[in-house]
Amino acid sequence: LLVYPPIGTGAVNVNRSDLNRLQPGEFLNDTLIEFGLKFWLNELRETNPSLADQVHVFSSFFYKKLNNKKYAFPPCQFGRIGTNFAN
């Protein structure tokens, strides 16, 4: 139904079921929240470009991926080689 922004990377696809979430008594979903944040950021680029350059809107799915143990970073090693103060 709607792709925003229409050009460039990181577009959000809003469909009819997302629009139904705008009715009274309904809760917003991840797609609508991401759309709102990207729309706000694009407006900010026009009014305050220097501030907009300091802001990045992550997809809500980014945290799910980041929190996935399969993609987790190994524990950090500190100090001398072979010394792990994280444990």
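At 13% relative accessibility, Glu34 counts as buried, where buried means under 20% relative accessible area, exposed over 50% and partly exposed in between, computed with a 1.4 Å probe on protein chains only. The structure is a predicted model, in which local features need pLDDT of at least 70 and side-chain atom pairs count only at pLDDT 80 or more, whereas totals for chains, interfaces and linings use all residues. Residues are numbered from 1 along each chain as its sequence is written, and side-chain values use heavy atoms, with hydrogens and water left out.

**Exercise 1. Place Glu34 in its helix and list the residues that it touches, not counting residues up to four places away in sequence.**

Step one is the secondary structure: Glu34 belongs to helix α2, which covers residues 30-47; helices (H or I, at least four residues) and strands (E, at least two) are DSSP runs numbered from the N terminus. Step two is the contact list, for which contact means heavy atoms within 4.5 Å. With residues up to four places away in sequence set aside, Glu34 touches Val12 and Ser59.

**Exercise 2. Find the salt bridge that Lys38 forms, and describe the setting of the residues involved.**

The criterion is a side-chain nitrogen of Lys or Arg within 4 Å of a carboxyl oxygen of Asp or Glu, and by this rule the count comes to 1 salt bridge. The partner of Lys38 is Glu34, with the closest N and O atoms 3.6 Å apart. Both residues lie in helix α2, separated by 4 residues, which is about one turn of the helix. Lys38 is buried at a relative accessible area of 14%, and Glu34 is likewise buried, at 13%.

**Exercise 3. Classify the aromatic pairs that Tyr4 forms with Phe35 and with Phe39.**

Rings of Phe, Tyr and Trp (its six-membered ring) pair if their centres lie within 6.5 Å, and planes under 30 degrees apart count as stacked, over 60 as edge-to-face and the rest as tilted. By this rule the count comes to 3 aromatic pairs. One of them joins Tyr4 and Phe35 at 5.3 Å centre to centre with 75° between the planes, and is edge-to-face. Tyr4 lies in strand β1 (residues 2-4) and Phe35 in helix α2, so this pair ties together parts that are 31 residues apart in sequence. Tyr4 is buried at 15%, while Phe35 is partly exposed at 23%. Tyr4 and Phe39 form a tilted pair, 5.7 Å centre to centre with 45° between the planes. This pair links distant parts of the chain, Tyr4 in strand β1 and Phe39 in helix α2, 35 residues apart. Phe39 is partly exposed, with a relative accessible area of 38%. As a last step, Tyr4, Phe35 and Phe39 are grouped into one aromatic cluster.
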